[in-house]
Amino acid sequence: MKLCTQAPSFPLFRPSGDRCLLAIYGQDVDVAVNEKVRRITALLNQDRKQGIEEVVPSYSSLAVFYDPEQISLQALSTFLRACEQDVSKAQIRESRTITIPVCYGGEFGPDIEDVARHNQLGIAEVIKRHGNALYRIFALGFAPGFCYLGGLDSGLHIPRLETPRTLVPAGSVGIAGGQTGIYPQDSPGGWRIIGRTPLTLFAADRAEPCPYRAGDSLRFQAVDKATFYEILSTEHQ
């Protein structure tokens, strides 16, 4: 006898602990789904319903932290369903495209040869392909300012390191699986490092700690070592 499997109907609402509701709007890394998540997040933040404490968006879902003494799980689920009808009313900032200078290879990209070898490409082709794409920021997380990007050329995919490094320098640009991203701070990490940007991507004392938000796009621009240090010196003036 064949089992009939039915595709899930979205959104799905799942409790996550006793003070959080996970609202799931899709299963894949999809721009349209991510845009819905971004707009519903904006709606919740611009007209914060009593009992909602924090909203944390991701690729295709958002976590809504709430006070169960002020709003019930059922009432919160009903409210979120209603928000879907009002996504056009969300007040969101227009998406921007930010260019990130990167010095590829050498001391700044110790794993670029592995990426090239794994994909049977030359290093120059890895740099070209990585810089040619326009990457959407689907989510921020892991560390302050760390952006999860969609749009990596399939010819650059590579598994993450089997043993993560205990220290990855701030500004390092890496690839893991089908994703690329930038480490905004010194931290451990298992992504394959192919370059580094001289920009300071997170600073808590700035009016806007990060130069980008979810929904923006990034483009990487290759620079030589001299330009890298020139920009670096300007960043620390």
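**Figure 1. The largest pocket of the predicted model**. The volume of the largest pocket is about 710 Å³. Its lining comprises 33 residues, and P57, L140, Y212, R213 and A214 are the closest to the pocket centre. Three elements give two or more residues to this lining: α1 (31–46), β3 (52–57) and β6 (135–140). The greatest contribution comes from α1, with six residues. Sorted by class, the lining holds 16 nonpolar, nine charged and eight polar residues.

**Figure 2. The second largest pocket**. This pocket has a volume of about 160 Å³. Thirteen residues line the second largest pocket, and those nearest its centre are A170, P198, L199, T200 and L232. Eight of the lining residues are nonpolar and four are polar, while one is charged.

**Figure 3. The largest nonpolar core**. A set of 25 residues makes up the largest nonpolar core, within which I100, Y212, L218 and F220 have the most contacts. At least two residues of this core come from each of β5 (97–104), α3 (112–118), β6, β7 (147–150), β9 (172–176) and β13 (217–222). Strand β5 gives the most, with four residues. Y212, one of the residues with the most contacts inside this core, is also among those closest to the centre of the largest pocket. Likewise, β6 supplies residues both to this core and to the lining of the largest pocket. In soluble globular proteins, nonpolar side chains tend to be buried together.

**Figure 4. The surroundings of F220 and a separate core**. Leaving aside residues up to four places away in sequence, F220 touches I100, V102, Y104, H130, G131, Y135, L149, V173, T180 and I182. Among these partners, I100 is, like F220, one of the residues with the most contacts inside the largest nonpolar core. Another core, of 20 residues, lies apart from the largest one; its members include A23, L43, L62 and L80.

**Figure 5. The hairpin of β9 and β10**. Strands β9 and β10 (residues 179–182) pair in the antiparallel sense, with four bridges between them. A176 has Q179 of β10 as its bridge partner. Two residues separate the strands of this hairpin, and in the turn G177 adopts a positive phi of about 65 degrees. The hairpin is linked to the preceding view through F220, which touches V173 as well as T180 and I182. Strand β9 is also one of the elements that supply at least two residues to the largest nonpolar core.

Note on methods
Residues are numbered from 1 along each chain as its sequence is written. This is a predicted model: local features need pLDDT of at least 70, side-chain atom pairs count only at pLDDT 80 or more; totals for chains, interfaces and linings use all residues. Side-chain values use heavy atoms; hydrogens and water are left out. On a 1 Å grid over the protein atoms alone, a cavity is a set of points where a 1.4 Å probe fits but cannot get out, and a pocket is an open set with protein on both sides within 12 Å along at least five of seven lines; lining residues have an atom within 4 Å of a point. Grid points are joined across faces, edges and corners, and a volume is the space filled by probe spheres set on the points. Ala, Val, Leu, Ile, Met, Phe, Trp, Tyr, Cys and Pro count as nonpolar, Asp, Glu, Lys and Arg as charged, and the others, Gly among them, as polar. A nonpolar core is a set of buried Ala, Val, Leu, Ile, Met, Phe, Trp, Tyr and Cys residues joined through side-chain atoms within 4.5 Å. Buried means under 20% relative accessible area, exposed over 50%, partly exposed in between (1.4 Å probe, protein chains only). Contact means heavy atoms within 4.5 Å. Two strands pair if DSSP finds at least two bridges between them.
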